[in-house]
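Subject: Structure handover and findings

Dear colleague,

I am passing on the structure we spoke about, with its sequence, so that you can open both while you read. Please look through the notes below the structure when you have time.

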Amino acid sequence: MQDRPEWGRTFAQFMKARAQLTSGPIVERVVVPDKAQLLLDLGGSHGLHSIAFCRSHPNLKAIVFDLPVALTETEENITTEGLADRVNVQRGDYLTDDIGQGYDVVLCFNLVHHHTEDDNRRLIRKIAKALNPGGLIVIYGMLRDEHITSYNALFSLLMFTYSQTRIYSFQEIIGWLKEVAFSDFNRINLPPAGQNSIITAVKTNP
């Protein structure tokens, strides 16, 4: 998508359409700390998830962090929703660039299956440093089931074909989180069954 920007726009439009269907149910099920003030939306592209969280939590501000090719329409989306004073855009590569600090919530939506296990471990360590104590990480996407369904297997094969990665299980992901001072793990399965789930965890140490 870096070499073919039109692909980036098409992919962003697809992800935006998905987010229009899923952002409401996700926000309803994720318990954001009462004192939370700043949210980081990694790979947030269209910005709709940040917009939905800010609408639901009036004290919250958000930063949508993604590659420039994925942010072509984000500022327009934010302005259209009347949230330009609370949702900002930051261009960069979250795997290699500084993502900042002082966050109360970090969203990782549809990310981990695009990366290797080592990259995911490094990303979670970076997120742990960026979160305030008591901060919340929210991971959303397809999880590898204990009993693999055909849909589960096909999605994992797609990831391998596209980026030489795969989908990961709940136990694998919380294993990475346990390595860097996260606790209070929770899994929330969203309909349709067997497709997408939310994982939340709390940073317990400074």
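The notes below go from the overall fold to the sheet, then to one cavity and one helix end.

This is a predicted model, in which local features need pLDDT of at least 70 and side-chain atom pairs count only at pLDDT 80 or more, while totals for chains, interfaces and linings use all residues. Residues are numbered from 1 along each chain as its sequence is written, and side-chain values use heavy atoms, with hydrogens and water left out.

The protein contains six helices and seven strands (DSSP runs numbered from the N terminus, helices being H or I of at least four residues and strands E of at least two), and along the sequence they follow the pattern α-β-α-β-α-β-β-α-β-α-α-β-β. For 206 residues a compact globule would have a radius of gyration near 17 Å, and the 16 Å of the protein agrees with this (taken over C-alpha atoms, the rule being 2.2 Å times the number of residues to the power 0.38). The C-alpha trace spans about 45 × 45 × 35 Å along its principal axes.

The seven strands form an open sheet of mixed pairing, in the order β3-β2-β1-β4-β5-β7-β6, where two strands pair if DSSP finds at least two bridges between them. At its edges are β3 (87–91) and β6 (182–190), each of which pairs on one side only. Strand β6 runs antiparallel to β7 (residues 196–203), to which seven bridges join it, and S183 has V202 in β7 as its bridge partner. Helix α6 (residues 170–178) lies across β5 (131–141), β6 and β7, at about 155° to β6; here contact means heavy atoms within 4.5 Å, and angles run from 0 to 180 degrees between N-to-C directions of axes fitted to C-alpha atoms, for helices over the stretch in contact.

As for internal space, the second largest cavity is lined by C108, V112, N120, L123, I124, I127 and I139 (a cavity being a set of points on a 1 Å grid over the protein atoms alone where a 1.4 Å probe fits but cannot get out, with lining residues having an atom within 4 Å of a point). Helix α4 (residues 117–130) gives the most to this lining, with four residues.

Finally, S163 lies in helix α5 (residues 150–163) and touches H113 and H114, not counting residues up to four places away in sequence. S163 and H114 are 49 residues apart in sequence, but their C-alpha atoms are 6.4 Å apart in space.

Best regards

Notes. 1 Å grid on protein atoms, 1.4 Å probe; cavity = no way out; pocket = protein on both sides within 12 Å on 5 of 7 lines; lining within 4 Å.
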